Amino acid sequence: MIFNIASQFAVTPAEARRADHHHVVTKAIEQEGHYMPSRRHLLTGAVATGVALSMQRATAAVAQQKRVIVDSQVHLWPASTPERPWLPGAKPQLPEPFTIERVIPLMDEAGVDRVVIVPPVSLEGERIDYAQEAVRRYPGRFAIMARVALDKPDRAARLATWRDQPGVLGVRLNVGPGEAAWLTDGTADWFWQAAEKARLPVMFLTEGQTSLFARIAERHPQLTLIIDHMGVGAGLRPRPGSSENNMVPEAIVQAAALAKYANVSVKLSSVPLISTEPYPFRDVIPHIHRLFDAYGPERCHWGTDLTNSFARATYRQRVTQFTEELPFLSESDKDWIMGRAILARLRWTSS
């Protein structure tokens with residue numbers, strides 16, 4: 001590790017004082033015209049120079065390291081056109097399309113290196129062609145969690161080659177009230193086995209059914225499961241300015257309980273929608289802390305769900321909430337949460 005190397009060349013206070021004293025004495029002798037460097041002085045100077053150069057190299061190496069920041073969820077969508085219409089009755093999260101041209105400058109300004117695109121199922125259905133356009137135009141900056149219908153077992157054959165599609169790393173499931181029964185009535189059973197066999201990471205969001213994934217995680221230990229938005233689906237979020245219908249604490253309890261399964265991790269995402277306060281959303285920090293304690297840095301993933309709460313905070317603030325406002329996180333913790341963990345979990349290796 002770089003920090004270990006630097007520590008090996010650290011100079012103790014006593015050594016520093018001796019070096020300063022040697023410099024002062026040497027300078028005084030030089031000024032009197034009597035300086036004749038001894039072999040010991042030459043060796044001491046060489047060692048000091050070597051130590052200084054080594055420390056400079058270690059410091060430079062540390063300075064060159066850059067934290068890789070990966071947003072684990074952003075929706076992108078183009079305008080609805082006759083040639084490429086949205087699904088009937090679709091309602092976008094923002095009045096204007098959230099396009100590739102809009103997100104790239106926001107990423108650059110906020111210091112976000114990569115983004116996991118989750119195509120909005122309510123607009124796009126199972127289409128991923130626009131997300132793949134982003135992957136093609138900006139290699140290494142985008143990846144995709146594609147959609148699959150849990151009630152269509154004929155999709156199983158496609159999962160074997162799912163990651164052969166450009167940019168696709170896994171599957172994203174949105175288990176709303178209409179799909180909740182599929183988790184227990186056998187409808188979705190085909191999917192867990194097929195995804196596990198294909199080594200497909202699965203992100204999922206529920207509205208109070210997170211605990212049902214304990215059985216799935218236990219039966220399929222090689223299946224990578226990632227809880228979206230701390231397990232807080234749309235129907236569980238509080239109304240701004242009201243304490244009524246706040247089901248967030250129970251959702252956090254359910255999410256934390258799955259930490260005992262090594263194949264489960266959690267996205268600490270969509271924080272503004274879980275909060276009833278302005279930035280830095282301090283009422284959510286205890287929930288983040290609880291999940292961090294349960295899962296550890298290598299199984300926690302920062303994310304924004306940017307378009308779902310676009311006016312609540314800037315993109316940069318969503319970064320700094322984790323890098324500046326959570327004192328219980330070490331710099332190493334932040335490295336994992338802000339990017340390293342999701343890259344490892346999704347096996348996203350492209351640069």
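This is a guided tour of a predicted model, arranged as a series of selections to make in the viewer.

**The whole chain**

Begin with the entire protein in cartoon view. The protein has 14 helices and eight strands. Of its 351 residues, 47% are buried. Among contacts with a sequence separation of 6 or more, 76% are between residues 24 or more positions apart. With a surface displayed, the accessible area comes to about 17,400 Å², and carbon and sulfur atoms hold 56% of that area.

**The sheet**

Select the strands next. They form an open sheet of eight strands with parallel pairing, in the order β1-β2-β3-β4-β5-β6-β7-β8. The edges are occupied by β1 (70–74) and β8 (300–302); each has a single partner strand, so one side of each lacks a neighbour in the sheet. Neighbouring strands are turned by 30° against each other on average, direction ignored.

Restrict the view to residues 168–175 and 202–206, which are β4 and β5 respectively. These two strands pair in the parallel sense over five bridges. Within this pairing, V171 stands opposite V202 in β5.

Now add residues 285–295, which make up helix α12. This helix packs on the sheet, where α12 touches β6 (225–227), β7 (264–268) and β8. The direction of α12 makes about 155° with that of β7.

**Salt bridges**

Display the charged side chains. The count of salt bridges comes to 17. Three of these contacts are visited below.

Select E331 and R67, whose side chains meet in a salt bridge at 2.8 Å, N to O. E331 belongs to helix α14 (residues 331–346) and R67 to the loop between α3 (39–64) and β1, so this salt bridge ties together parts that are 264 residues apart in sequence. E331 is partly exposed at 47% relative accessibility, and R67 is also partly exposed, at 23%.

Move to E126 and R155, another salt bridge with an N to O distance of 2.8 Å. E126 is in the loop between α5 (121–124) and α6 (129–137), whereas R155 is in the loop between β3 (142–147) and α7 (156–159); the two are 29 residues apart. Here E126 is partly exposed at 30% relative accessibility, while R155 is buried at 13%. The assignments differ because buried means under 20% relative accessible area.

Then select E133 and R137, which meet in a salt bridge at 3.1 Å, N to O. Both lie in helix α6, four residues apart, and are thus separated by about one helical turn. E133 is partly exposed with a relative accessible area of 24%, and R137 is partly exposed with 35%. To finish this stop, select R67, E331, K334 and D335, which salt bridges with shared partners join into one network.

**Helix α6 and its surroundings**

Keep α6 on screen and highlight Y130, A131, Q132, A134 and V135, which are buried. Which elements cover the buried residues of α6? The cover includes α4 (100–110), β2 (114–117), α5, β3 and β4.

From there, step to S122 in helix α5. S122 is partly exposed, with a relative accessible area of 42%. Beyond its neighbours within four places in sequence, S122 is in contact with L87, A90 and K91. The C-alpha atoms of S122 and K91 are separated by 7.3 Å, although these residues are 31 residues apart along the chain.

**Aromatic pairs**

For the last stop, display the aromatic side chains. The whole structure holds nine aromatic pairs. In the pair of W77 and F98, the ring centres are 6.3 Å apart and the planes lie at 40°, so this pair is tilted. Both residues are in the loop between β1 and α4, 21 residues apart. W77 is buried with a relative accessible area of 1%, and F98 is buried with 0%.

Now select W190 and F191. Is their geometry stacked or edge-to-face? The pair is edge-to-face, with 5.7 Å from centre to centre and 80° between the planes. W190 is buried at a relative accessible area of 15%, and F191 is buried at 0%. Extend the selection to W192, F204 and F213: ring pairs link these residues with W190 and F191 into a cluster.

Terms used: Residues are numbered from 1 along each chain as its sequence is written. This is a predicted model: local features need pLDDT of at least 70, side-chain atom pairs count only at pLDDT 80 or more; totals for chains, interfaces and linings use all residues. Side-chain values use heavy atoms; hydrogens and water are left out. Two strands pair if DSSP finds at least two bridges between them. Axes are lines fitted to C-alpha atoms, for helices over the stretch in contact, and angles run from 0 to 180 degrees between N-to-C directions. Contact means heavy atoms within 4.5 Å. A salt bridge is a side-chain nitrogen of Lys or Arg within 4 Å of a carboxyl oxygen of Asp or Glu. Buried means under 20% relative accessible area, exposed over 50%, partly exposed in between (1.4 Å probe, protein chains only). Accessible areas come from the Shrake-Rupley method with a 1.4 Å probe; for residues, only the protein chains shown count as cover. Rings of Phe, Tyr and Trp (its six-membered ring) pair if their centres lie within 6.5 Å; planes under 30 degrees apart count as stacked, over 60 as edge-to-face and the rest as tilted.
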